[in-house]
Amino acid sequence: MEIFDQEEKRRSPRIRLGAPLRYQVRGAPEFRNALSENISRDGVSFTCANFLAPSTHLMLEMSILSRALTSAARVAWAKPIVHSDNYRLGVEFVELNPKERDYIGDYIDTRLNRF
């Protein structure tokens, strides 16, 4: 039996980040709470109680250390979590201030000990 490694599709390094975040489906009146799993300069993965279809547009609010970040984002993928009513989402930042993107990159580099 042959085993093939799955090709890595990520464009930038990703680190674990178990931090709360808030998201709002564009056009919806309320924000919902979720828990991030990991983050890169390009996006974030998080667990939530609602299924959101790929290409759904969101507004995100999250904090890294003491800095509040906001971004428009797009759901890239969604997967149900086995034995749970929750979903794991991969979300791509589509409108993120370049200074905030650099802040995320610097935070990741620091956590990865890459200076």
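Glu 30 has a relative accessible area of 36%, so this residue counts as partly exposed. The model examined here is a predicted one, and Glu 30 makes a friendly starting point for a walk through its side-chain pairs. Glu 30 sits in the loop that joins strand E2 (20-25) to strand E3 (32-39). Once neighbours within four places in sequence are set aside, the contacts of Glu 30 are Tyr 23 and Gln 24. Glu 30 also has a charged partner: its side chain meets that of Arg 32 in a salt bridge, at 3.6 Å from N to O. Arg 32 is likewise partly exposed, because its relative accessible area is 36%, a value between the 20% limit for buried and the 50% limit for exposed.

Salt bridges come next. Side chains of opposite charge can pair when their charged atoms come close. In this model, the count of such bridges comes to 7. One of them joins Glu 61 to Arg 22, with the closest N and O atoms 2.9 Å apart. Glu 61 belongs to strand E5 (residues 57-64) and Arg 22 to strand E2, so this pair ties together parts of the chain that are 39 residues apart in sequence. How open to the surroundings are the two partners, buried, partly exposed or exposed? Glu 61 is partly exposed, with a relative accessible area of 28%, and Arg 22 is partly exposed at 34% relative accessibility.

A further salt bridge is formed by the side chains of Arg 41 and Asp 102, at 3.4 Å from N to O. This pair links distant parts of the chain, since Arg 41 is in the loop between E3 and strand E4 (43-48) while Asp 102 is in helix H1 (residues 98-111), 61 residues apart. Arg 41 is partly exposed, with a relative accessible area of 29%. Asp 102 counts as partly exposed too, at 39% relative accessibility.

Aromatic rings give another set of pairs. A pair of aromatic rings is described by the distance of the centres and the angle of the planes. The model holds 2 aromatic pairs. In one of them, Tyr 23 and Phe 46 are tilted, with 5.4 Å from centre to centre and 35 degrees between the planes. Tyr 23 lies in strand E2 and Phe 46 in strand E4, so the two rings tie together parts that are 23 residues apart in sequence. Tyr 23, met above as a contact of Glu 30, is buried at 2% relative accessibility. Phe 46 is buried as well, with a relative accessible area of 0%.

The pair formed by Phe 51 and Tyr 87 has ring centres 5.5 Å apart and planes at 65 degrees, so the arrangement is edge-to-face. Here too distant parts of the chain are linked: Phe 51 is in the loop between E4 and E5, and Tyr 87 is in strand E7 (residues 87-95), 36 residues apart. Phe 51 counts as partly exposed at 48% relative accessibility, and Tyr 87 is partly exposed with a relative accessible area of 22%.

Finally, charges are found over rings. Arg 67 lies over the face of Tyr 103, at 4.6 Å from the ring centre. In a second case, the charged end of Lys 79 sits over the ring of Trp 77, 5.1 Å from its centre.

Conventions:
Residues numbered from 1 in each chain as written. Predicted model: local features only at pLDDT ≥ 70, side-chain atom pairs only at ≥ 80, totals over all residues. Heavy atoms only, no water. Helix = DSSP H or I, 4+ residues; strand = E, 2+ residues; numbered from the N terminus. Contact = heavy atoms within 4.5 Å. Salt bridge = Lys/Arg side-chain N within 4 Å of Asp/Glu carboxyl O. Buried < 20%, exposed > 50% of the residue type's maximum accessible area, 1.4 Å probe, protein only. Phe/Tyr/Trp six-rings, centres within 6.5 Å; stacked < 30°, edge-to-face > 60°. Lys NZ or Arg CZ within 6 Å of the ring centre and 35° of its normal.
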